Amino acid sequence: MNIEKDRIQNDLEQIAQFGKLPQGGVTRLALSDLDMKARTYFIEAMKQAKLDVRVDAVGNIYGRREGKKNLPPVLLGSHLDTVPEGGNYDGIVGVTSALEVIRTLNDAGIITERPIEIINFTAEESSRFRASTIGSKAVKGAITSEKMHKMVDKEEISFYQALQNAGYHPEQLDAVKLAPGAYHAFIEMHIEQGPVLERLDKKIGIVTAIAAPTRMHITIEGKADHSGNTPMNMRQDALAGACEIILAIEEIAKAKAGEHTVGTVGDVSVKPGAMNVIPGEVQLWVDIRDIALEDKKKAVQLLLEKLDEVAQQRGLKVKYEMLSDEVPVQLCPRIIQSIQAVTEKLNYPYHVMHSGAGHDAMNLVPITDVGMIFVPSQAGISHNIAEFTAIDDIALGANVLLHTVYQLSMEGE
């Protein structure tokens, strides 16, 4: 029993049309018109695979294949939304491979003991609403109506409003949350988004832990003055202070926190933004991640100390808002062992590793046993139009997914 890679390739090509860019890659932000078109395609494909489809109040899309018994199902899937000028594989490989697992079981005429469900999570990427994995956080019960109103995009459209605009029902948020034990297991297949598998010449990554981000919005307030008539020793340059903070984040992550700490300033806003005016205000959006909670806490504390130092030494006002502070997770040893056993039986070269990127899978840990399968990313590139994973590598990962899901779905009570 093996998947058909041509069907996955066709799904990838069809979904790539929704937000396709002239230079390659795609922009398909969460709950945008393009995302809704991709969702419509995916729903129709699930129905063609004879799945019962339902969509919850925050737009998470489920497709269910019944089993012999009414036991907690095995769940698998990922997401369809992308970053701006992103690639055609991040998330999409996970949902298309999940769909292909169902098709393959259908072709083989296999009815599993447990039901199997596939899922497309809403707003995995933080690109639009400055918060990541929103749909799976709602499933975990970590999203409130108040938070949905506060999450806004650059047009000041809130996540709550965007859901309403898409025809969903955010007022029914309570119905989204899943109880612990609602599922027998969850497995997410994903591109690695890094260079490790390719460099090691391994085709499968078996994930043991997922790093979690702390995200902050920092505002540096100085004084906007004339660039020609203000002496250097009398300036309150917000951008100069911001640069010092940015370099400090790099240094903290490189040398002062933990072995796996990473720190990024991914967005900068400068006001008033004129060449001949000393910047009076700068806003930074910061992402610090680690698989070790204490190391991440150390990095954040060092950053907060640096904010105070820059404010005092440069005569600036520096304030911050904690956007999110998530906890790294360890994945389930039982699922890890199942994936490893399947990979070895298929004789695919594999590597046991952690994920530096966050994924929806991390939010399912309080609900069920969770595992992740990685496939290689060419040159380690992701969140970029050059993102690429060969279809042959995707097919290997999908086969591991298929046989792991089959084994788990055949387990009894």
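How many bridges join β6 to strand β11 (residues 329-330), and do the two run parallel or antiparallel? I looked this up before anything else, keeping in mind that the model is predicted, and I found two bridges, with β6 and β11 running antiparallel. Within this pairing, Ile210 stands opposite Val329 of β11.

**Entry on β6 and its other partners.** I then followed β6 to β12, to which β6 is joined by five bridges in a parallel arrangement, and I noted that Ile206 has Val352 of β12 as its bridge partner. Strand β13 (residues 370-375) is joined to β6 by three bridges and runs antiparallel to it, with Met372 of β13 standing opposite Val207. I also checked burial along β6 (residues 204-210): six of its seven residues are buried, so the strand is largely enclosed by the rest of the structure.

**Entry on the nonpolar cores.** I wrote down, as background, that nonpolar side chains tend to be buried together in soluble globular proteins. Here the largest nonpolar core has 91 residues, and the members that touch the most others are Ile118 and Phe159. For Ile118 I listed the contacts, leaving out residues up to four places away in sequence, and found Phe42, Met46, Leu51, Ile61, Tyr62, Gly63, Leu75, Leu76, Ala98, Leu99 and Ile102. Apart from the largest core lies another, of 20 residues, which include Ile218, Val286, Ile288 and Val310.

**Entry on the largest pocket.** I turned next to open space, and the largest pocket holds about 1300 Å³. Its lining is made up of 44 residues, and those nearest its centre are Arg215, Thr264, Asp287, Arg289 and His383. The elements that give two or more residues to this lining are β7 (212-221), β8 (262-271), β9 (281-290) and β12 (350-355), and β9 gives the most, with five residues. Sorted by class, the lining of the largest pocket has 16 nonpolar, 16 polar and 12 charged residues.

**Entry on the second largest pocket.** For the second largest pocket I recorded a volume of about 780 Å³ and a lining of 29 residues, of which Arg130, Ala131, Met151, Leu323 and Ser324 are the closest to its centre. Among the elements that give two or more residues to this lining are β7 and β9, together with α4 (134-140) and α5 (145-150), although β10 gives the most, with four residues. By class, I have 12 nonpolar, five polar and 12 charged residues in the lining of the second largest pocket.

**Entry on the cavities.** Finally I looked for enclosed space, and the structure holds two cavities of 30 Å³ or more. The largest cavity has about 40 Å³ of space and is lined by Ile249, Ile252, Ala253, Thr261, Gly263, Ile288, Ala299 and Leu303. Two elements, α8 (238-256) and α9 (293-314), give two or more residues to this lining, and α8 gives the most, with three. What classes of residue line the largest cavity? I found six nonpolar, two polar and no charged residues.

The second largest cavity has about 30 Å³ of space, and I noted its lining as Thr82, Val83, Gly86, Gly87, Asp90, Glu125, His383 and Glu387. By class, this lining has one nonpolar, four polar and three charged residues. I flagged His383 in my notes, since this residue lines the second largest cavity and is also listed among the residues nearest the centre of the largest pocket.

Technical notes: Residues numbered from 1 in each chain as written. Predicted model: local features only at pLDDT ≥ 70, side-chain atom pairs only at ≥ 80, totals over all residues. Heavy atoms only, no water. 1 Å grid on protein atoms, 1.4 Å probe; cavity = no way out; pocket = protein on both sides within 12 Å on 5 of 7 lines; lining within 4 Å. Points joined across faces, edges and corners; volume = space filled by probe spheres on them. Nonpolar A, V, L, I, M, F, W, Y, C, P; charged D, E, K, R; others polar. Core = buried A, V, L, I, M, F, W, Y, C linked by side-chain atoms within 4.5 Å. Buried < 20%, exposed > 50% of the residue type's maximum accessible area, 1.4 Å probe, protein only. Contact = heavy atoms within 4.5 Å. Pairing = 2+ DSSP bridges.
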